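Student: I'm new to this structure and would love a close look at one part of it. Could you walk me through a single helix, step by step?

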Amino acid sequence: MSNNMKVSVKVSEKEFYKKTTKEIEKIARQVIAYGLNATRNTAVESILQGSKSGETYQKYNPRRTHTASASGEAPASDTGFLANNIITRTEPNGLSGEVVSQAEYSEYLEFGTGTMGARPFMHPALEQNRPKILARLRKLMG
């Protein structure tokens, strides 16, 4: 054996950075997808489930009895249009997205009007899921 032999290992900072960044992006995509879906599902459930304590009245075409939500409650479902039009949108890179209520009247329900109190369903859904989303992030970041 020669005394002139050397063994060297080079760890490239650039390669480590690329690997770490890809791992973090993968985790971020998972957490974002989870958060968007959980928030959407909670918003839809708040509309479709639970009894509402607002006014009960007759509706026509088709004829039916409807109990509206009271101010401060999630909206009461009547036709299912509001709940069926809450969607998630994710950017192509998966690193950002949004939950969108596409019904034209969504904003009036969420924030109220001059004559109707708010029936929030989007913000409460996010706040209900915020701890779960953060817990998922902590778990995946391990």
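Tutor: Happy to; here is a walk along helix α1, from its length to its neighbours and its charged side chains. Keep in mind that this is a predicted model. The chain has a mean pLDDT of 92, and 94% of its residues reach 70 or more. Among the elements, confidence is lowest in α1, at a mean of 92, and highest in α2, at 98.

Let's start with length. Helix α1 covers residues 13-48, which makes 36 residues. At 1.5 Å a residue the helix should span 52 Å, and its end C-alpha atoms are indeed 52 Å apart, so the two values agree. After the helix comes G50, with a positive phi near 85°.

Now look at what α1 touches. Its buried residues are I27, V31, G35, L36, A38, T39, T42, A43, V44 and I47. These buried residues pack against two helices, α2 (81-84) and α4 (122-141), and two strands, β3 (86-90) and β4 (97-101).

Finally, find E25 and R29 on the helix. Their side chains form a salt bridge, with N and O 3.6 Å apart. Why can these two meet? They sit 4 residues apart in α1, so about one helical turn separates them. In an α-helix, residues three or four places apart point the same way, because there are 3.6 residues a turn. Side chains of opposite charge can pair when their charged atoms come close. Both partners are partly exposed: E25 has a relative accessible area of 29%, and R29 has 33%.

Notes:
Residues numbered from 1 in each chain as written. Predicted model: local features only at pLDDT ≥ 70, side-chain atom pairs only at ≥ 80, totals over all residues. Heavy atoms only, no water. Expected span 1.5 Å × (residues − 1). Buried < 20%, exposed > 50% of the residue type's maximum accessible area, 1.4 Å probe, protein only. Contact = heavy atoms within 4.5 Å. pLDDT = per-residue confidence, 0-100. Salt bridge = Lys/Arg side-chain N within 4 Å of Asp/Glu carboxyl O.
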